[in-house]
Amino acid sequence: MAKPFPLEQQHPETLAAQAGGYLDPATGAPIPPIQPATTFARGADHGPPPLTDYIRTHSPSWTSTEELLARLEGGAEALLFSSGMAAVHAAVMGLRPGDHIVLQEALYYGVRGWIRRFCEEWGLGLTLVDATDLAELEAAMRPGETKLVWIETPSNPLWRVVDISAVAGLAHAAGARLAVDNTVATPVLTRPLALGADLVMHSATKYLNGHGDVLAGALVTARHDEHWTRIREHRDQTGAVLGPFEAWLLLRGMRTLPLRVRRQCETAGLLAQRLNGHPGLEAVLYPGLSDHPGHAIADRQMTGGFGGMLSLLVKGGAEEAIEVVKACRLVLPATSLGGVESLIEHRATVEGPDSPVPKNLLRLSIGLEHSEDLAADLEQALQTAVLDRHSGP
Ligand SMILES: *Cc1c(COP(=O)(O)O)cnc(C)c1O
């Protein structure tokens, strides 16, 4: 067989398409098998099995998926979890009582809600900040006490852009680690570890899997250190692990990740341009628009696109916004993101009564449909739900 092309030199498209060069040693199959076994036999000498003796600490079905994600993120190691929130949980459990966390306030509400509640109930210090304001972030740091800074960029659902390398500098100066929720940007558009972050988290339920049929999470570390050891032990011992079949499906989804994300960015960009200035809208929030407050940083930090997510501020309030969702015929009225079908949701309804999200905000996850079909659907929905309604007889 020819000498393999070095993995370090491969572009994301190549790594993903070939699942990191996987070839089954027994059969030559380019697809890894699913190994459902929960237990693994010892050798004749009673030595341990080659990989693990029990599935909670490791499944052979995780290996290719974890290795591919670690390579795509440029990390030392990746761990799969049973959900994105289980990955967040493990990262926080890697801290110790008395540690202080600095958390970006405007991010995915599930992460903010759980970290806030956990810190209150279990005695960890927490400061919520606007992470786009570096002076505010620096003032929140307690050198020696702050152990974790947590951000998301572009962040849900306003798509604010956080300068990862600047925040990494501030975190490290105070002796803290920086964790980045990279669910929305994906390693195709942003590689936080290369910009100085220490930990990357994914809801693999979203773009990584990409087909709306797997619940999964992941953490990727820049290096093997004490925090990572504690995270690993936490997963091993508490068992928020992924089933073999889900890990296999996730790898299958990831093989087309770069292709999907690039098309989703392209379509989201076209829609943002087209809807910007629409008479039924107050604003279009998308980091690719030159008037977006985070555009300059996004332009520098994101490679090859500004993401497949955008939000619309509808003229009017919650009622008008919900009417737009109801008037869509093609875009599906559902939460979540990163799948092949486009989704639209009234974000404040999803987040509940305490949501700080503007009441007229609609969050869109752009899928793989033709951009003209999506534009036509959104334009007819805005026409009937906002413009016709207010024009009167
Ligand atoms: C969905 C999501 C999560 C939570 O992940 P689950 O897989 O649903 O547990 C965390 N962060 C972001 C940005 C998400 O979109």
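Visitor: Which helix gives the largest share of the lining of the second largest pocket?

Guide: Begin with the secondary-structure element that supplies the lining residues. In this predicted model, helix α4 (residues 109–122) gives the largest share of the lining of the second largest pocket, five residues.

Visitor: Which residues line the second largest pocket, and what is its volume?

Guide: The volume of the second largest pocket is about 230 Å³. Its lining is made up of E105, Y109, G110, R112, G113 and R116, together with E351, G352, P353, D354, S355 and P356.

Visitor: How many of the lining residues are nonpolar, polar and charged?

Guide: Sorting by class gives three nonpolar, four polar and five charged residues in the lining of the second largest pocket.

Visitor: From which domains does that lining draw its residues?

Guide: Here it helps to set the lining beside the domain assignment. The chain is assigned domain 1 (9–254) and domain 2 (257–387), and each of them provides at least three residues of the lining of the second largest pocket.

Visitor: How do I read the relation between the two domains, and how many residues are in contact?

Guide: Take the separation of the centres together with the contacts. The centres of domain 1 and domain 2, taken over C-alpha atoms, are 27 Å apart. Across the boundary, 36 residues of domain 1 are in contact with 38 residues of domain 2.

Visitor: Let's turn to single residues. Is A87 buried or exposed?

Guide: Relative accessibility is what to read here. A87 counts as buried because its relative accessibility is 0%, and the cut-off for buried is under 20%. A87 belongs to helix α3 (residues 84–93).

Visitor: Which residues does A87 touch, leaving out those up to four places away in sequence?

Guide: With those left out, A87 touches F81, M201, G217, A218 and L219. For a sense of distance, the C-alpha atoms of A87 and V325 are separated by 32 Å, and the two residues lie 238 residues apart along the chain.

Visitor: V325 makes me curious about E345. Where is E345, and is it buried or exposed?

Guide: E345 lies in strand β11 (residues 343–346). E345 is buried, as its relative accessible area is 3%. Setting aside neighbours within four places in sequence, E345 is in contact with V325, A334, T335, V350, L361, L362 and R363.

Visitor: Which side chains make polar contacts with the side chain of E345?

Guide: For a charged residue that is buried, polar partners are a useful thing to look up. The side chains of E345 and T335 are joined by a polar contact of 2.7 Å. The side chain of R347 also makes a polar contact with that of E345, at 2.8 Å.

Key. Residues numbered from 1 in each chain as written. Predicted model: local features only at pLDDT ≥ 70, side-chain atom pairs only at ≥ 80, totals over all residues. Heavy atoms only, no water. 1 Å grid on protein atoms, 1.4 Å probe; cavity = no way out; pocket = protein on both sides within 12 Å on 5 of 7 lines; lining within 4 Å. Points joined across faces, edges and corners; volume = space filled by probe spheres on them. Helix = DSSP H or I, 4+ residues; strand = E, 2+ residues; numbered from the N terminus. Nonpolar A, V, L, I, M, F, W, Y, C, P; charged D, E, K, R; others polar. Domains from an automatic or database assignment. Buried < 20%, exposed > 50% of the residue type's maximum accessible area, 1.4 Å probe, protein only. Contact = heavy atoms within 4.5 Å. Polar contact = N/O pair within 3.5 Å; in protein donor to acceptor, adjacent residues only side chain to side chain.
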